[in-house]
Amino acid sequence: MSAWRDFWLRYRRKTSAMIGLVLLLFVMLVAIIGPWLVSADPWDIVVRPFLWPGEDPEFPLGSDVLGRDILSGIVHGSRVSLLIGLAATATALGVGVTVGAVAGYFRGWPDDILMRITELFQTIPTFLLAVVLVAIFKPSMLSIILVISAVSWPAVARLVRAEFLSLREREFVQSCVVIGMSETRIIFQQILPNCLAPIIVMSSILVASAILTESGLSFLGLGDPNLMSWGTMIGIGREAMRTAWYMSALPGIAIIITVLALNLVGEGLNDALNPRLKNR
Amino acid sequence: MQGATQGAGRNRIVRFLVRRSAQAGLTLLAIAVLNFVIVHLAPGDAIDVLAGEFGGADAQYLDKLRRSYGLDQPIYVQLFQYLFNVVQLNLGFSFRNNMPVFDLIMTRLPATLLLMVASMLLSFTAGLLLGVFSARRVNTFADDAVSVLALLCYATPLFWFGLMAIVLFTVKLNLLPGNGMYTIGSNLGWFAATLDVARHLVLPACSLALFHMAVYTRLMRASMLEVYGLDYIRTARAKGLSQRRIAFRHVLPNAILPMVTMLGLQVGSLLGGAVLVETVFGWPGLGRLAFDAILQRDHNLLIGILLLGSALVVIANLITDLLYAWLDPRIEVA
């Protein structure tokens, strides 16, 4: 377990990484237990509309154009954002790691074909593709998760391929080949664990960008119509922006805090997992 | 002698251009196939969407419509028909706008290009300056401050920033317009009209530039620090050159190359950002058109915008490659 201890000692050396971790744990705590502490349904009309934050201690963040509790919306939204971010990232990692591993390990024609497809996906404007796909396949939690992973796997594939290309030439892989280990075992048990560090770092960035993409989609009205998400709230608040800007401002701040936390943690992980580069 | 090498150089560039254009054409064709697949994976065909718009129609009439659009043909015939149309720049018809999709896109393209070019210049210049500023003061308070700023820009949704900018600069301070591209109903001379558009451009261009300004800042800082570590910089220092001269004449020109690569990569994400920013600011470009197409469930138009958007990215990548070869003679345009 001393590897973990080493890692933790290196991670906590950086103030910004610790700030990110604390923020992230806070957001996760809100997402996990928050919904039990606020009004059960963020869509319920509970108070008079256009209540400013601080006006009524029972609704500390005020109410929106219809009198829905903004605090409740933000708390429920944290669950939606994190869930979509994590699920989309997990799916993108699954596809990206498989594609990258096959392309990088076997090289030759599988590499050519897979990389052409990856490049194709990287040429199409990402967010525009996401918008078109969600609009055509009807917005729902599942379609949004699939679409976000569909636009984010190419980056993973390229990263994993590059790692595999360099690792497969190493002696430990050669010796696995010599003792007759199966290719599946070489790929998953020998090479993959050795490129986990950059994959982990990339994951936190992917969750962050998935959350940003989801907020953009739901702001455009392409969110799951049954879920209160931060982007949806900004879209609702936009109608009353000139008089009651807090309605859009508050959920936006929630997005910034969450995405910032994920980026800081990603940077901290990067520094802690690549000690050679820490003086850069 | 010099003429001969110049001629050879030109030949090389022409060959490079021809090969890259052919590749670009293939890429676009593949994207068109992908578009076709997306449309056909979607539940229901174009006629179903139309029927839904009209509140239903009898089955016989719908079948007749399907035949007239060739939707009863086998799938590969439809694919070839679609590709054939795309090659002829026929992207279908937008029933909602009563106009061919291609023409519709072309009327909206200039506004989007203006917005994109403005925010590219803005993010590139600001990122360059901030990156150089940061790298020259590495590990000081100023450097940290720039890093924090960049991190915040990374984390801010650009549509939210746009909304807040409208609240501050349009509603509260009444400094800049926050809606549209020009003042409606005004009859201005060309100079005043240009100024009017420029004033309308400020907020949307800044909103769109925010994210990439952060990207360029961090890229430029890292790139400068890398070049600072090279031997020839030590030589320059040993010669007794001033810090300013070293930074701007020796480090910057070599540190700028990764930034140029980024320019090409930026175009795709700018187009996506344009959908959000143009929606927020009512900017009459492609992004706004895409948003209207979502509301009107005009899938023909959406797919057309996606295809043309991809074409823009392909062209931008081609230009970046050329620019790169011109900036860095070490790179073979082969």
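**Entry 1: the interface**

I began with the area between the two chains of this predicted model. Chain A and chain B bury about 3800 Å² between them, and 82% of that area is on carbon and sulfur atoms. I then asked which three residues of chain A supply more of its buried area than any other three. They are Leu128(A), Ile136(A) and Leu220(A), which account for 16% of what chain A buries against chain B.

Next I looked up how many residues take part. On the chain A side 38 residues are in contact, and they meet 44 residues of chain B.

**Entry 2: polar and charged pairs across the interface**

I went looking for charged pairs between the chains, and the count is one salt bridge. Its partners are Glu267(A) and Arg218(B), whose side chains meet at 2.3 Å, N to O. For polar contacts across the interface, I found five residue pairs, with both residues at pLDDT 80 or more.

Which helices of chain A each supply at least two residues to the side that touches chain B? I noted α4 (108-123), α5 (126-137), α9 (196-219), α10 (230-238) and α11 (246-273). Of these, α11(A) gives the largest share, 11 residues. Sorted by class, this side of chain A has 27 nonpolar, six polar and five charged residues.

**Entry 3: chain A on its own**

I stepped back to see how chain A is built. There are 11 helices and zero strands, so to speak an α after α listing when I read along the sequence. Along the principal axes, the C-alpha atoms of chain A fill a box of roughly 75 × 45 × 30 Å.

**Entry 4: salt bridges in the whole structure**

A search over all chains turned up 10 salt bridges. I picked out one of them, in which the side chains of Arg107(A) and Glu169(A) meet at 2.8 Å, N to O. Why did this pair catch my eye? Arg107(A) sits in the loop between α3 and α4 of chain A, and Glu169(A) in the loop between α6 (141-167) and α7 (171-178), so the pair ties together parts that are 62 residues apart in sequence. As a reminder to myself, side chains of opposite charge can pair when their charged atoms come close.

**Entry 5: cavities**

My last search was for enclosed space. The structure holds four cavities of 30 Å³ or more, and the largest has a volume of about 70 Å³.

I listed the residues that line the largest cavity: Pro42(A), Asp64(A), Arg68(A), Asp69(A), Ile70(A), Gly73(A), Met228(A), Met233(A), Ile236(A) and Met247(A). The elements that give two or more residues to this lining are α3 (70-106) and α10 of chain A. By class, the lining of the largest cavity has six nonpolar, one polar and three charged residues.

The second largest cavity holds about 40 Å³ of space. Leu128(A) is in its lining, together with Leu271(B), Ala274(B), Val275(B), Leu286(B), Gly287(B), Ile305(B) and Gly309(B). I had already met Leu128(A) in my first entry, among the three residues that supply 16% of the area chain A buries against chain B.

Which elements give two or more residues to the lining of the second largest cavity? They are α11 (257-281), α12 (286-295) and α13 (299-327) of chain B, with α11(B) providing the largest share, three residues. I counted six nonpolar, two polar and no charged residues in this lining.

Technical notes: Residues numbered from 1 in each chain as written. Chains lettered and ligands numbered in written order. Heavy atoms only, no water. Contact = heavy atoms within 4.5 Å. Buried area = accessible area lost by both parts, 1.4 Å probe. Salt bridge = Lys/Arg side-chain N within 4 Å of Asp/Glu carboxyl O. Polar contact = N/O pair within 3.5 Å; in protein donor to acceptor, adjacent residues only side chain to side chain. Helix = DSSP H or I, 4+ residues; strand = E, 2+ residues; numbered from the N terminus. Nonpolar A, V, L, I, M, F, W, Y, C, P; charged D, E, K, R; others polar. 1 Å grid on protein atoms, 1.4 Å probe; cavity = no way out; pocket = protein on both sides within 12 Å on 5 of 7 lines; lining within 4 Å. Points joined across faces, edges and corners; volume = space filled by probe spheres on them.
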